[in-house]
Amino acid sequence: MTQQSTAGAEPGQVRAELADWVRGHWDPAMALHDWRQLLLASGWAVPSWPQRWHGRDLPAWADELVGSELLRLGAVGIPVGSGTWLAAPTILAHGSDDLRDRLLAPILTGEQTWCQLFSEPGAGSDLAGLSTSAVLDGGSWVVNGQKVWNTSAHHADMGMLLARTDWGVPKHQGITYFALPMHQPGVEVRQLRQMNFHASFNEVFITDARIPSENVIGEVGQGWKAALTTLAYERRFSALRRPGYSTASGRALDEARAEADDHFATYSWYPQRAGRPDLVIEHARAAGVSDDPVIRQAIARLITLQRASTWTAERARAARALGARPGAEGSIGKLAASNIARESAKVHSMIAGAAALLMGPDSPFGGVIAEVLMSVPGQSIAGGTDEIQKNILAEKVLGLPAEVRVDRDVPFSQIKHRG
Ligand SMILES: Cc1cc2nc3c(=O)[nH]c(=O)nc-3n(C[C@H](O)[C@H](O)[C@H](O)COP(=O)(O)OP(=O)(O)OC[C@H]3O[C@@H](n4cnc5c(N)ncnc54)[C@H](O)[C@@H]3O)c2cc1C
């Protein structure tokens, strides 16, 4: 299938060209995999990417536009998940051509799912302090260590792995970024039970696991640079939204809906993690306190915060549409999301009183409010804590003096480790 270049195109022209192409190719009766192969070959899979890797060299705005147009036309786009959201842009930006050829297509068709193997028991905020080791042995790297809090690792095919390959240089310089095949004897994944009763993340124990040397993403020892790309994409939340697939019947649609059900089962508590500000007015009315002036003020403060944050996100989206890479606005949005979640949990508690702690059928909103209270703390930790976002903003945006880091310039082998 040949691709038509629409470089320099306007949104209206892209919309019209896409609609034309969908009319000629979309058949809901086909297998989802076959449909996505067509998408990849046509360049409509990720239109802002280069033509050689499933794109059309279009400006950045085209990805979101094409994604939502495909849904509007009743068709299906690329899958949602940390493969498409984090691994693929990292591989595109830092991977070799061989890696781009081998790894991008299976992510975009949904054949391979990914997880992020960054955090360790002794290295979270101080990610560059990680101590999982990788040693070159012939044509492959042998990896040993432990990762933790790895969302969806229990059903991932591949892992974005950071490991230390040089202990004799300062901590940021001795890290290498690998694509780790998860289904091998040296990789043991154990699910963790959370205080909100879900089990979305894992401990991953790695013992003499092997990674082919071609699976290094970027250069050996330059993994920190690639990791920063992944972390910048992680601060964007939009990729976690469930696609609004058509409810019509057809094999491709059935398979896409099943794929989304499977993926979002892990994330069913994420709306509660965000504090459910959408429920506060309904909650106040149901509890008969919507005329209480103190509660009304608390609700108004929350909605104000939420609106301001939506507009900031719109501004960031507009910047990305103009081609800007995700930057400091991700930290602002992430901090705002934490504040909204906390404020919302507070408002729900004011409304429900002690009943906010109840679970079960006769509790407020069938236990949803209790789940909010238990899930909101995760909002300000995942993807980098609030304090770390503040440090990023202080240093990168406000130009304030950098935090004192005594371990930055000494060889990693001389640092006392936490892990
Ligand atoms: C829902 C969820 C999903 C996650 N998914 C993944 C995943 O898929 N893959 C993965 O690798 N990890 C994942 N994580 C882990 C997450 O990235 C880490 O928990 C996070 O980076 C914090 O690290 P830590 O837990 O080790 O806390 P620590 O780094 O030990 O922090 C403890 C406290 O100290 C504060 N602190 C630390 N350093 C500083 C500093 N320099 N200045 C000021 N305050 C500081 C922190 O803000 C925090 O309050 C997930 C976490 C959550 C909650």
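In the predicted model, helices α10 and α11 are roughly antiparallel to each other, since the angle at which α10 (residues 293–321) and α11 (residues 328–352) pack is about 160° and angles over 145 degrees count as roughly antiparallel. The axes of α10 and α11 lie 10 Å apart, and the crossing of these helices is left-handed. On the side of α10, the contact is formed by Val294, Ile295, Ala298, Ile299, Arg301, Leu302, Leu305, Gln306, Ser309, Thr312, Ala316 and Arg320, while α11 contributes Glu329, Ile332, Ala336, Asn339, Ile340, Glu343, Ser344, Val347, Met350 and Ile351. When the residues of the contact of α10 with α11 are sorted by character, 13 are nonpolar, five are polar and four are charged.

A further helix pair is formed by α4 (residues 82–94) and α6 (residues 223–234), whose axes come within 9 Å and cross at roughly 140°. That angle makes α4 oblique to α6, because only angles over 145 degrees count as roughly antiparallel and 65 to 115 as roughly perpendicular. The crossing in which α4 passes α6 is right-handed, in contrast to the left-handed crossing of α10 and α11. Trp85, Leu86, Pro89, Thr90, Ala93 and His94 of α4 make the contact with Lys225, Ala226, Thr229, Thr230, Tyr233 and Glu234 of α6, and the residues of this contact comprise six nonpolar, four polar and two charged.

Turning to interactions between side chains, the structure holds 23 salt bridges. One of them joins the side chains of aspartate 97 and arginine 100, with an N to O distance of 2.9 Å. Both residues belong to helix α5 (residues 97–109), and because aspartate 97 and arginine 100 are three residues apart in this helix, about one helical turn separates them.

A polar contact was also identified for a residue outside the helices described above, namely histidine 198, which is found in the loop between β6 (187–191) and β7 (202–212). The side chain of histidine 198 is joined to that of glutamate 371 by a polar contact of 3.2 Å. When neighbours within four places in sequence are left aside, the residues in contact with histidine 198 are Leu192, Arg193, Ser268, Trp269 and Glu371, so that glutamate 371, the partner in the polar contact, appears in this list alongside residues such as Ser268 and Trp269.

Terms used. Residues are numbered from 1 along each chain as its sequence is written. This is a predicted model: local features need pLDDT of at least 70, side-chain atom pairs count only at pLDDT 80 or more; totals for chains, interfaces and linings use all residues. Side-chain values use heavy atoms; hydrogens and water are left out. Axes are lines fitted to C-alpha atoms, for helices over the stretch in contact, and angles run from 0 to 180 degrees between N-to-C directions. Helices (H or I, at least four residues) and strands (E, at least two) are DSSP runs, numbered from the N terminus. Angles under 35 degrees count as roughly parallel, over 145 as roughly antiparallel, 65 to 115 as roughly perpendicular and the rest as oblique. A crossing is left-handed if the near helix is turned anticlockwise from the far one by less than a right angle, and right-handed if clockwise. Contact means heavy atoms within 4.5 Å. Ala, Val, Leu, Ile, Met, Phe, Trp, Tyr, Cys and Pro count as nonpolar, Asp, Glu, Lys and Arg as charged, and the others, Gly among them, as polar. A polar contact is a pair of N or O atoms within 3.5 Å; within protein, one must be able to donate a hydrogen and the other to accept it, and residues adjacent in sequence count only if both atoms are side-chain atoms. A salt bridge is a side-chain nitrogen of Lys or Arg within 4 Å of a carboxyl oxygen of Asp or Glu.
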